[in-house]
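Visitor: Could you walk me through this one? I have some short questions, in no strict order.

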Amino acid sequence: MLRSPTTWLLVGQRLTIAFITLLIVSFAVFFATELLPGDVAQILLGQAATPEAVAGLREAMGLDRPAFLRFLSWLGGLATGDMGRSYVNDIEIAELVSGRLVNSLRLAGIVTAICVPVSLTLGIAAAMWRGSWFDRGVSIMTISFISVPEFMVATLAVLIFAVWLDWLPALSYGVNVDSLGAMLRAYAMPVITLSFVVCAQMIRMTRAAVIETINTPYVEMALLKGASRSRMVLVHALPNALGPIANAVALSLSYLVGGVIIVETIFNYPGVAKLMVDAVSTRDLPLIQSCAMIFCVSYLTLITLADMIAILSNPRLRQ
Amino acid sequence: MTMTKQRTRSLRLPTPANLGYRFNWAGRIGLTVILFWAVIAVIGRWVAPYPVGEIVDFDYFGPVSGDYWMGTDYLGRDIFSRILMGARYTVGIALGAVTLACAGGIVLGMIAAVIGGLFDTCLSRFLDALNGIPSLLFGIVVVAAVGTSITVLILTLAVIYLPGSYRFARALAVNVNTMDFVTVARARGEKTSYLITREIFPNIVGPVFADLGLRFVFIVLVLSGLSFLGLGVQPPNADWGALVRENIEGLSLGAPAVVFPCLAIASLTISVNLFIDNLPTKIRDRSD
C-alpha cells in the first residue's frame, strides 16, 4: 500500500495544502499585529513624542516600506530562524523563546504520555460495553469536561488537591526544582489540569472511532458466530479502528494548544504561552507574532498529521 | 363538525408540542436553564439585591450568608449581584457574535454551494486556512493589536467562528443543491437569491440552528477564556470569566467568589449542550 503512487500523491497534496494554509495564517497574524494597530512607532514612543522622533523611528524600523515587502522580509526571517528583536527589552526573540519552548514542550510531552494510554483504555472500554453504566459514566464525565472552560477545570483541581486535600501547592510554580519531589509537585497541577481537558476529547473521539467500526457488518458477523464481546472488539474491530484512533489522538492533542495558554497563565508556568500573554500586556508585537506562529505551526502540524494518518490508514480515502 | 375542527385548529398556539415536537426531560431542563439566564441577562440589573459596583461588606472573600447569597469578592462587593449583571455581558456578547458568525457563514455557504466553481474553491480554501488558527490564540492576537472593547470582542469572536459555520452550512447546502426541486427551479430561470432563500434555506434551517447552539457554547468558552486572561470585558464591568479572574486570589482560601462564577458558566454551557443533544431528530437531522 505504501508503494502506491496515488497514496504519495494524496500525502503530497495534503502537505501542499498545509503549506498554503500556513502562508495564509502567517499573513493573518502579520495583518492583525502590524496593520490593524496603526502606527507602531507612535505606540512605542507614546503620545508625547515629537513628529520628528516618530518619523525617525519609523525609518529606523523600516516601517516606511510597503506592507507587503515587510511581510515578505518578516516571513523570510521566520523561515531562517531570525525572529527579530523584542520591542520592550531589545533582546533577540529567538533567545527569549528557546528556553520557554523547551518548558512548554516538556509539559506537553508529559501530558501526552499520560493521556494517550489512559484515554485509549477508557475509550475502547467504553465502546466495548456501550450503553452500560460504565459507558454512561465516562460519557457524562467527558461531556462535562468538554463543555466547561479550561480555567474552571484548573480552579476545581486547585480546590480539590491544594485546598481541601492539601497535597500540592496552590498557584505557585516552584523555581527551585532541585529534588525529584519538588519537581513532581511543581508539575503536578498544570499536568493534572491539562490531562483532564485533553483526555476528555481523546476518550470521546476514540470511543466514536471504535463504535463506528463495531457498526460494520463483519463485526456483527463475529458477534453472530459466537465471539465474546471483548474478542469481537479487540480481535476483529480494533485492527481496523487503529487508523481512526491515531487520527483521533493527533486531533485531540491539538487541544493542548488552547489549553496550554490558560494553564500556563493560571499556574505561572514559564512556557511560551505565559511569555505571549505577558507580551500582550506590554504590547510587544514582534514577540506576540513569534509566539503566535509557534502555536499555529504546532496546531497545523498536528491537524495535518491527523489527516495524513487517516489517508494512509484508510484505503477508501485514496480513491 | 368540520367547522369546529377548523376553528380549534386556527386557535392553537404554535408551541413546540402543537407542532408535533417532543422534548425529553433532559432537553427541558436545558431549555429551562437557558431561558432563566436569558431573562436574567435582560432584567439582571433590576433584580440584583445590591448595586453592582458598590462595596457592601468590610470583609473580603466573605462566606455564603443570608445577606450575601454567594459571598463577597476581593473588594467586599456582593458576588450574587455581580453574577446577575455579568450574565448580560456573557450572554449578550456571545449572542451577538454567534448571530454575526452564523448569519455570515450560512449566507456565504449557501452562495458558495449554489454558484460553485472557482468562487467556491477559493472561498473554501481561504476559510479553511483561517480555521487553522487556534481560536483562543486568534482572540489574543487581535486584542493585543487593537485593544479590547465590546465591539472588538463581538467582531473578533464572529470572525473566529465564521469559517466553521460556513463549512457546516455549505456541506448541507451542497446536498440540497443536487435535489430535483432545485434543478427544476434553476430550469425555471430563478435567480441565485431566490434559490438560496426559497429552495435551500428552508431545507437546512433545522440543523443550522442546532449548529448555532453548539457554536454559542464555543464562543462563551473562548470569551470567558479571554476575560480570564484579562483581555476581555474590562473592569469595573465584568462578565463571568472576568469575575473568576478578579477573585482568583481567593482560590487558596476556598472563597465562594471563585466558585460561583465558574458554576454560572458551566450551567449555561452544559444546558445548551444538553438541549441541543436532546433536540427532536425532526429538527436536528432534517436533511439526512
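Guide: What follows covers annotated spans, salt bridges and one helix residue, and the model is a predicted one.

Visitor: Start with the membrane annotation. Which residues of chain A does "transmembrane region" cover?

Guide: The UniProt annotation, from an unreviewed entry, covers residues 12-32, 107-129, 141-164, 184-203, 241-267 and 287-312 of chain A.

Visitor: And residues 12-32 of chain A, what are the percentages of helix and strand there?

Guide: That span of chain A is 100% helix and 0% strand. Its end C-alpha atoms are 30 Å apart.

Visitor: How far apart are the end C-alpha atoms of residues 287-312 of chain A?

Guide: They lie 37 Å apart, and residues 287-312 of chain A are also 100% helix, with 0% strand.

Visitor: Salt bridges next. How many over all chains?

Guide: The count is eleven. One of them joins the side chains of A:Lys274 and A:Asp278, at 3.1 Å from N to O.

Visitor: Why are A:Lys274 and A:Asp278 about one helical turn apart?

Guide: Because they are four residues apart in helix 12 of chain A, residues 272-282.

Visitor: Is A:Lys274 buried or exposed?

Guide: A:Lys274 has 13% relative accessibility, so it counts as buried, the cut-off being under 20%. A:Asp278, with a relative accessible area of 34%, is partly exposed.

Visitor: Over to chain B. What does B:Arg215 pair with?

Guide: B:Arg215 forms a salt bridge with B:Asp211, and the closest N and O atoms are 2.8 Å apart. The two residues sit in helix 8 of chain B (residues 192-228), four residues apart, which means a separation of about one helical turn.

Visitor: Are B:Arg215 and B:Asp211 buried or exposed?

Guide: Both are buried.

Visitor: And B:Arg188, which residue is its salt-bridge partner?

Guide: B:Glu190, with 3.0 Å between the closest N and O atoms. B:Arg188 is partly exposed at a relative accessible area of 49%, and B:Glu190 counts as partly exposed at 26%.

Visitor: Which residues of chain B are linked in a network of salt bridges?

Guide: B:Arg77, B:Arg82 and B:Glu246 are linked in such a network.

Visitor: Last topic. Where does A:Ala55 lie?

Guide: In helix 3 of chain A, residues 51-60. A:Ala55 has a relative accessible area of 38%, so it is partly exposed.

Visitor: How far is A:Ala55 from A:Gln42 in space?

Guide: The C-alpha to C-alpha distance is 8.9 Å, with their positions 13 residues apart in sequence when counted as a separation.

Key
Residues numbered from 1 in each chain as written. Chains lettered and ligands numbered in written order. Predicted model: local features only at pLDDT ≥ 70, side-chain atom pairs only at ≥ 80, totals over all residues. Heavy atoms only, no water. UniProt positions renumbered as here; feature names shortened; annotations may be inferred. Buried < 20%, exposed > 50% of the residue type's maximum accessible area, 1.4 Å probe, protein only. Salt bridge = Lys/Arg side-chain N within 4 Å of Asp/Glu carboxyl O.
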